[in-house]
Amino acid sequence: MIKERMHYIYADKTKLGVLVVFVILLMINTLGAVNDVPIYRMLQQVFKLSLFVALVYYSVKVQCIKGVGPLPNTLIVLFCYVLLLYSIFSFFFQNVLVSLNVLLSFCFFYYIGYKKQVKEKDLYLFFVLTFIISSLKFVFSFMRDLSEYGDVAGLGGDNLGYMLAILFPAFILFARKKMSIPIIIIAFLLILFSRKRGAIIAVSLPFILLMYSFFKMKSRNILVKGLKILIIMAVLVGLYNVLLNYYDIILGRFESGDGTSGRALLYMTVFKGWYNSESILEILFGHGFYSTTIITKEKFGIALYAHSDWLELIYDFGLIGLTIYALILLSLLHYLVQIFRKFRHYLLAYTSCMIVFVIKSVFSGVYLDADCVILMSIIGLIIGLVEREKKNNFPILSN
């Protein structure tokens with residue numbers, strides 16, 4: 001009796017801990033809009049440190065789950081050790097916290113999915129609140145650009161578009177929820193107006209597939225079928241009008257300049273820096289954490305990271321770091337094969353995650369971007385749910 005009571009108390013505390021992490025994540029995202037103000041910037045750093053402590057705790061709990069140790073989790077923890085080791089000898093030690101939070105968020109949400117520590121409605125509420133905060137941040141940014149330049153046509157892309165693209169798979173995962181389809185449509189429109197080419201490409205295919213699956217969903221009710229047709233037609237007509245009236249803003253960047261936003265020169269500088277390394281040790285182990293900022297400052301007069309995980313990795317961590325990260329991606333793609341075979345109710349959401357991951361890792365960066373906490377969270381959650389279903393042999397979430 002006492003043992004049983006203690007179990008419930010422990011379970012309640014664990015769930016409370018999960019909800020606390022949710023609040024911390026929401027606060028970090030909210031304070032991101034005002035982090036230029038010193039006191040808010042300091043608060044954001046405090047929340048990031050608190051998040052790191054919580055994520056380490058849950059990553060240890062994942063390692064302690066008997067008989068369960070998904071390969072992505074093991075590789076991610078290994079990569080975290082590499083990051084920590086390299087950052088100790090770096091001038092940019094404080095920046096490692098962002099990368100560790102991004103990677104360890106996978107472990108935290110894997111634990112939630114596998115142990116079912118919170119209710120589905122709590123998860124959904126978290127993603128909805130994150131979407132609202134991110135949407136408001138984007139709208140304020142867009143309006144600021146309009147007031148400053150008079151017209152955003154021809155301007156660079158707004159990175160907040162990537163945040164909305166990162167959230168996109170979460171609402172595909174919960175597509176059967178009443179508010180998910182409207183949120184997905186709004187998110188897609190905002191991503192179009194973000195002018196971020198990678199984000200637009202990343203969500204276009206999942207959006208089309210989702211609309212198709214929504215249309216193909218079986219229903220005996222003629223009124224429901226008719227309503228679905230009307231919704232799809234309304235979405236298509238709406239998107240056509242948006243593209244027609246705002247073509248320069250949305251698609252202008254696909255036709256401008258060399259199409260690389262200066263990345264070609266940046267990529268070549270970083271790759272040549274690694275290729276022309278002075279020793280075989282630098283080829284194998286790289287030049288140190290965040291070292292691309294040193295070589296780019298020498299070349300361009302401004303410190304830049306590589307805007308590509310793969311080039312950042314090969315210069316900073318050499319072939320060793322690149323190999324570990326490639327294994328992480330391959331292990332995540334392996335789950336895509338498993339999901340396709342046996343867990344197809346997660347297929348579209350997980351495929352969307354992988355599309356966003358691959359595109360962003362190549363043309364922007366995942367492990368160095370604080371917003372990618374959400375992307376790794378969704379990936380971890382889906383894999384946790386898959387592992388739980390393997391164990392219990394029944395679906396937990398199904399669309």
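**Salt bridges and helix contacts**

In the predicted model, Lys 177 has a relative accessibility of 25% and counts as partly exposed, because this value lies between the limit for buried residues, under 20%, and the limit for exposed residues, over 50%. The structure holds four salt bridges. One of them joins Lys 177 to Glu 120, with the closest N and O atoms 4.0 Å apart. Lys 177 belongs to the loop between α6 and α7, whereas Glu 120 belongs to helix α5, so this pair ties together parts of the structure that are 57 residues apart in sequence.

Glu 120 also forms a salt bridge with Arg 176, and here the closest N and O atoms are 2.5 Å apart. Arg 176 is in the loop between α6 and α7 and Glu 120 is in helix α5, so the pair ties together parts that are 56 residues apart in sequence. Glu 120 is partly exposed, at 22% relative accessibility. Arg 176 is likewise classed as partly exposed, with a relative accessible area of 39%.

A further salt bridge is formed by the side chains of Glu 387 and Lys 390, at 3.3 Å from N to O. These two residues are three apart in helix α17 (residues 372-392), so about one helical turn separates Glu 387 from Lys 390. Glu 387 has a relative accessible area of 14% and is therefore buried, since the limit for this class is under 20%. Lys 390, at 38% relative accessibility, is partly exposed. Through shared partners, salt bridges join Glu 120, Arg 176 and Lys 177 into one network.

Helix α5 (residues 120-149), which contains Glu 120, also packs against a second helix. The axes of α5 and α6 (residues 160-173) come within 10 Å and cross at roughly 155°. This angle is over 145 degrees, so α5 is roughly antiparallel to α6. The crossing of α5 with α6 is left-handed. On the side of α5, the contact is made by Tyr 124, Phe 127, Val 128, Thr 130, Phe 131, Ser 134, Ser 135, Lys 137, Phe 138 and Ser 141. On the side of α6, Leu 160, Met 163, Leu 164, Leu 167, Ala 170 and Phe 171 take part. Sorted by class, the contact of α5 with α6 has 11 nonpolar, four polar and one charged residues.

A second helix pair consists of α3 (residues 71-88) and α4 (residues 96-115), whose axes come within 9 Å and cross at roughly 165°. This angle too is over 145 degrees, so α3 is roughly antiparallel to α4. The helices α3 and α4 cross in a left-handed manner. From α3, the residues in contact are Pro 72, Asn 73, Ile 76, Val 77, Phe 79, Cys 80, Leu 83, Leu 84 and Ser 87. These meet Val 96, Ser 99, Leu 100, Leu 103, Leu 104, Phe 106 and Cys 107 of α4. The contact of α3 with α4 has 13 nonpolar, three polar and no charged residues.

Ile 320 lies in helix α15 (residues 318-342). At 37% relative accessibility, Ile 320 is partly exposed. Apart from neighbours within four places in sequence, Ile 320 is in contact with Leu 284 and Phe 285. Ile 320 and Val 82 are 238 residues apart in sequence, while their C-alpha atoms are 9.5 Å apart in space.

Terms used:
Residues are numbered from 1 along each chain as its sequence is written. This is a predicted model: local features need pLDDT of at least 70, side-chain atom pairs count only at pLDDT 80 or more; totals for chains, interfaces and linings use all residues. Side-chain values use heavy atoms; hydrogens and water are left out. Axes are lines fitted to C-alpha atoms, for helices over the stretch in contact, and angles run from 0 to 180 degrees between N-to-C directions. Helices (H or I, at least four residues) and strands (E, at least two) are DSSP runs, numbered from the N terminus. Angles under 35 degrees count as roughly parallel, over 145 as roughly antiparallel, 65 to 115 as roughly perpendicular and the rest as oblique. A crossing is left-handed if the near helix is turned anticlockwise from the far one by less than a right angle, and right-handed if clockwise. Contact means heavy atoms within 4.5 Å. Ala, Val, Leu, Ile, Met, Phe, Trp, Tyr, Cys and Pro count as nonpolar, Asp, Glu, Lys and Arg as charged, and the others, Gly among them, as polar. Buried means under 20% relative accessible area, exposed over 50%, partly exposed in between (1.4 Å probe, protein chains only).
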